[in-house]
Amino acid sequence: MMPIMELLPGNVTYYKANLHCHTTLSDGKLTPARMKELYKGRGYQVVAFTDHRRYANHAELNDPDFLAIAAMESDTNEFGDYRFSYDRIRTYHINWYDTDPESHKEEKAALELPKQRYHDVDYLNGYVGKMKELGFLACFNHPYWSLQNYEDYKGLRGFWAMEMYNHGCEVEGEYGYNPQAYDEMLRSGQRLFTVATDDNHNVFPPEDAMCDSFGGAVMIGAGELSYQAVMEALKKGHFYSRISPDGQGEAPRIEQLYIEDGHLVVRCSPASRIWVKTMGRGCYKAAAAPGGTIGEVQFALQGKEGYIRVSVRDDHGRLAESNAYFLDEISRPL
């Protein structure tokens with residue numbers, strides 16, 4: 001009998017995180033302290049503070065039950081016909097998560113933002129490389145909102161992850177959910193993770209239906225709620241995403257995900273459908289009977305899938321999304 005290959009680690013705690021938010025340091029309406037209060041009150045233990053063009057480490061907000069990740073968001077914009085204003089200009093938005101705020105402090109204090117060289121992908125990849133040397137993880141944000149397509153992101157390299165779901169974009173114009181872009185990046189040869197985020201600015205209060213908080217979350221599996229443990233879990237892909245387009249109810253949970261004797265086993269909270277997407281159009285799937293739910297399925301893998309990624313949906317349209325796992329890599333220890 002072959003050993004079990006865990007895709008999501010067991011024997012860890014899964015901490016709920018929002019990895020994209022904006023505060024009064026840029027164009028958000030809430031202070032960092034108020035952001036902590038708001039999210040902690042909704043059961044989050046981790047928030048990355050990604051203010052526009054403003055790197056900040058809010059270590060003063062850390063406590064035994066809450067962790068602030070030092071981060072920022074940068075932009076590289078296309079020059080075009082500004083008769084149409086920024087509304088029609090393509091843009092790269094990238095979140096940068098600092099894996100070790102205590103290192104390279106002087107360089108980070110004088111951090112140079114990327115130049116506005118939209119069509120120079122070699123320059124952009126070079127900038128990603130320099131930021132990685134400083135200890136940052138690069139996340140490619142909301143391609144649908146950014147008016148981008150395959151030609152814009154097929155040449156990107158060095159990214160740790162991309163946003164599959166951005167709640168702020170979904171609230172703004174229903175262009176926050178872009179799984180096709182993730183698959184296209186994977187099929188272009190990129191091996192990166194995926195996240196669901198809020199990208200909240202909080203123009204509307206939490207009780208308003210247009211509030212841009214609490215729609216996209218990442219569940220991070222770590223041994224403890226420490227900066228080092230959480231960042232190590234992120235680097236290794238020990239997490240999955242939860243998506244609540246209504247910003248209210250709880251999305252499904254992926255409770256176990258592993259391969260045993262050539263079978264992919266998915267255990268989750270009660271759901272209506274489970275899909276396993278692959279590099280091709282082949283897809284494994286299971287559905288509950290009308291009015292019922294499913295919480296565990298097994299799929300026999302054929303070995304030709306290329307990669308697999310799991311999507312779990314409930315009757316309210318809420319989702320849990322796993323990272324993609326390439327079959328030629330998943331035999332490695334997690």
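Helices (H or I, at least four residues) and strands (E, at least two) are DSSP runs, numbered from the N terminus. The model is predicted, so to speak of local features takes a pLDDT of at least 70, and side-chain atom pairs count only at pLDDT 80 or more, while totals for chains, interfaces and linings use all residues. Residue numbers start from 1 along each chain as its sequence is written, and side-chain values use heavy atoms, with hydrogens and water left out.

Two loop residues other than glycine turn up with a positive phi. Arg53, in the loop between strand S3 (46-49) and strand S4 (67-77), has phi near 55°. Arg53 is partly exposed, at 48% relative accessible area (buried is under 20%, exposed over 50%, partly exposed in between; 1.4 Å probe, protein chains only). Asp199 sits in the loop between strand S8 (193-197) and strand S9 (216-222); its phi is also near 55°, but Asp199 is buried, with a relative accessible area of 7%.Asp199 also helps line the second largest pocket, being one of the residues nearest its centre along with Gly168, Glu172, His201 and Asp212. A pocket here is an open set of points on a 1 Å grid over the protein atoms alone, where a 1.4 Å probe fits, with protein on both sides within 12 Å along at least five of seven lines; lining residues have an atom within 4 Å of a point. The second largest pocket holds about 290 Å³ (the space filled by probe spheres set on the points, which are joined across faces, edges and corners). Helix H5 (residues 167-173) gives the largest share of its lining, 4 residues.

Glu170 belongs to helix H5 too. Leaving aside residues up to four places away in sequence, Glu170 touches Tyr165, Tyr175, Gly176 and Tyr177 (heavy atoms within 4.5 Å).
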